[in-house]
Amino acid sequence: MAEQGASTPQTTQAAGAEAEPAAVRAVRRTGLLVTFILGGLTATPPLAMDMYLPSLPEVTHALHAPAATVQLTLTACLLGMALGQLVVGPMSDKWGRRRPLLTGLAVYVLATALCAFAPNVEVLVAFRLVQGLAGAAGIVIARAVVRDLYDGTAMARFFSTLMLISGVAPIVAPLIGGQILRVTDWRGVFVVLTVVGLLLGGLVWTRLPETLPRAERHAGGVGEALHSMRRLLADLPFTGFMLAGGFAFAALFAYISASPFVIQDIYGASPQTFSLLFGLNSVGLVIVGQINGKVLVGRVSLEKVMGVGLAVVIAAATALLLMSTGALGAVGLAPVAAALFVLMSAMGVTLPNAQALALMRTRHSAGSASALLGTSSFLIGAVASPLVGIAGEHTAVPMAVVQLVAALVALACFMGMCRPWNTRADTEGAGS
C-alpha cells in the first residue's frame with residue numbers, strides 16, 4: 001500500500017514510453033495548466049459551499065426558515081455531489097473524461113443560476129440538489145484524470161498540489177461571500193458562482209484534452225460498473241481508506257456546516273470576521289498539505305502520516321468538546337478558533353493521503369474508484385450536516401460531538417481494515 005511498492009511515472013515511462021498514449025504525454029507536457037484546471041474542478045465543492053456560508057444567517061431571515069432547514073441547502077448540495085459521482089464516475093470510464101465533464105459543468109451553471117431566483121427555502125434546496133448532482137462531474141473526473149496520468153508517490157504529490165490550488169477556494173470564497181453581502185444579498189453569491197462556472201467550463205472546453213484512450217475504456221454498461229465497484233469494495237484496504245477518508249471528511253463538514261452559527265451567533269462575530277477566520281483555517285490546511293507533498297511524501301510512509309493526522313484531528317475535536325460543554329470554564333473565541341485551526345490543518349495530510357492510498361490499489365476503473373471515494377465522503381458528510389444543528393444554533397456541543405465521533409470511527413477503519421503497519425502490501429490489490 002505504501003509508496004515503496006508503487007511505480008513512479010519515470011519507471012512507467014522507461015518500461016514502455018512508446019506504448020504510452022500520445023494524449024497522455026501531451027497533457028503531461030502542459031502540466032502546470034492541467035494542474036490549474038484540475039484544481040479548479042476540485043475547487044467546485046468549496047466554492048459552492050464556502051462562498052455561501054457567510055450568508056446562511058441572512059437566508060434564515062430572508063426566507064423565513066429555521067436554521068436547521070437552511071442547513072439542508074448544504075446537505076442537498078452535498079447529497080447531490082455524492083449521488084452524482086456514482087453516475088459520472090462509471091460514465092467517464094466508458095465514454096472518456098471530456099464528454100461527461102462538459103455536460104456536468106453545463107448543468108451545474110444552469111442550476112447555480114436558478115438558485116439565485118429561488119422564492120423559498122424548499123425550491124432553494126431542490127436547486128442545490130441539482131447543483132450538487134451536476135457539480136459531481138468536476139470532482140470525480142478530476143481524480144480520475146490524476147489516476148490516468150500518475151502513479152505511486154507522484155500521484156500523492158499531485159494530490160497535495162491539488163490541495164494547494166483547491167485550498168485557495170475556501171480561503172477566498174468566504175471573503176468574497178462576505179464582501180458580496182456588503183453590496184447585495186445572498187442571491188448575488190449565486191450570480192458570482194454562475195460566472196465562475198462559466199469561466200471554468202470554457203477553460204475545460206478549450207484546454208483540457210481527453211486523457212483516457214479508447215483502448216482503455218469499458219464497453220459495458222451499468223452491470224459492468226456495478227461489478228467493478230463490487231471488486232473494489234471487496235478489497236478490504238481500499239474500503240478502509242475510503243471509509244477513513246469519508247469519516248474524516250464528515251468531521252471537516254461538521255465544521256463547515258456549524259461554524260457560521262458558532263462563530264457569528266454564539267461568539268458574536270461579524271460575517272467578515274467569520275470569513276477571515278475561515279480563510280486562516282484554510283491557509284493551515286494548504287500549508288500542511290504542501291508539507292505533505294513536498295517534504296513528507298517519499299520520505300515517510302503515507303500510512304504513518306495519515307495516522308498522525310487522524311490523531312491530531314481527534315485531539316482537536318476533544319478540546320472543542322471540552323470547551324463547548326464548559327468543562328474548561330468560560331472560554332472566548334480565540335481558543336475555539338485555535339482548536340478549529342488545528343483540526344482543519346490536520347486535514348491537509350489526512351484527506352489527500354487517504355485518496356492516494358486508495359487509488360494506488362486500482363489502475364483500471366479509476367472513474368469507478370473515484371466515484372466510490374467521493375460518494376462515501378459526501379454521503380457521510382451529508383448525514384453529519386443536519387446533526388450539528390440538532391440542538392439549535394446556540395450551542396457548539398453537537399458540532400464537537402460529531403467531529404470527535406467521526407474522527408474516532410475514521411481511525412478505527414484505518415487501523416482495523418488498512419493494517420497500516422503492513423506497508424509493503426501490494427498496492428494493486430484491488431486489481432480493477
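Let's start at Arg361. Arg361 is buried, with a relative accessible area of 5%. Keep in mind that this is a predicted model. What does Arg361 pair with? Asp235 forms a salt bridge with Arg361. The closest N and O atoms of Asp235 and Arg361 are 2.5 Å apart. Now look at where the two partners sit. Asp235 is in the loop between α11, residues 222-234, and α12. Arg361 is in the loop between α15, residues 333-359, and α16. The pair links distant parts of the chain, 126 residues apart. Is Asp235 buried or exposed? Asp235 has 9% relative accessibility, and the cut-off for buried is under 20%, so Asp235 counts as buried.

How many salt bridges are there? The count comes to three. Let's go to Arg97. Arg97 forms a salt bridge with Asp93. Their closest N and O atoms are 3.1 Å apart. Both Arg97 and Asp93 are buried. Arg97 also meets the side chain of Asp148 in a salt bridge, at 2.9 Å from N to O. Asp148 lies in helix α8, while Arg97 lies in the loop between α6 and α7, residues 98-115, so this pair ties together parts that are 51 residues apart in sequence. Asp148 is buried, and so is Arg97. Put these together: Asp93, Arg97 and Asp148 are linked in a network of salt bridges.

Next, the surface. There is a nonpolar surface patch of about 480 Å². Which residues make the patch? They are Leu79, Leu83, Leu86, Val87, Leu129, Leu133 and Leu379. The elements giving two or more residues to the patch are α6, residues 67-95, and α8, residues 121-149. Which element gives the largest share? That is α6, with four residues. Take Leu83 as one example. Leu83 is in helix α6. The relative accessible area of Leu83 is 38%, and the partly exposed range lies between 20% and 50%, so Leu83 is partly exposed.

Now helix packing. Two packed helices are described by the angle between their axes and the distance between the axes. We have met α8 already, in the patch. Its partner here is helix α16, residues 366-387. The axes of α8 and α16 come within 8 Å. They cross at roughly 135°. Why are α8 and α16 called oblique? Roughly antiparallel needs an angle over 145 degrees, and roughly perpendicular runs from 65 to 115. The α8 and α16 angle of roughly 135° falls in neither range, and therefore the two helices are oblique to each other. The crossing of α8 and α16 is right-handed.

Here is a second pair. Helix α14, residues 302-324, packs with α15 at an angle of about 155°. The axes of α14 and α15 are 8 Å apart. An angle over 145 degrees counts as roughly antiparallel, so α14 is roughly antiparallel to α15. What is the handedness of the crossing? α14 passes α15 in a left-handed crossing.

On to contacts between distant stretches of sequence. Ala244 lies in helix α12, residues 236-266. Ala244 is buried, with a relative accessible area of 0%. Ala244 and Ser377 are 133 residues apart in sequence. In space, their C-alpha atoms are 9.1 Å apart. Another pair is Ala48 and Arg128. Ala48 lies in helix α4, residues 44-50. Ala48 is buried too, with a relative accessible area of 0%. Ala48 and Arg128 are 80 residues apart along the chain. Their C-alpha atoms are separated by 9.2 Å.

Last, some backbone angles. Most residues other than glycine have a negative phi. What is the phi of His64? His64 has a positive phi of about 55°, although it is not a glycine. His64 is found in the loop between α5, residues 56-62, and α6. At 73% relative accessibility, His64 counts as exposed. Arg419 also has a positive phi, about 45°, and is not a glycine. Where is Arg419 found? Arg419 is in the segment after α17, residues 397-418. Arg419 is partly exposed, with a relative accessible area of 33%.

Notes:
Residues numbered from 1 in each chain as written. Predicted model: local features only at pLDDT ≥ 70, side-chain atom pairs only at ≥ 80, totals over all residues. Heavy atoms only, no water. Patch = residues over 30% accessible without salt bridge, like charges linked within 9 Å, V, L, I, M, F, W, Y side chains within 5 Å. Areas by Shrake-Rupley, 256 points an atom, 1.4 Å probe, with all protein chains shown as cover. Salt bridge = Lys/Arg side-chain N within 4 Å of Asp/Glu carboxyl O. Buried < 20%, exposed > 50% of the residue type's maximum accessible area, 1.4 Å probe, protein only. Axes fitted to C-alpha atoms, helices over the stretch in contact; angles between N-to-C directions. Parallel < 35°, antiparallel > 145°, perpendicular 65-115°, else oblique. Left-handed = near helix turned anticlockwise from the far one by under 90°.
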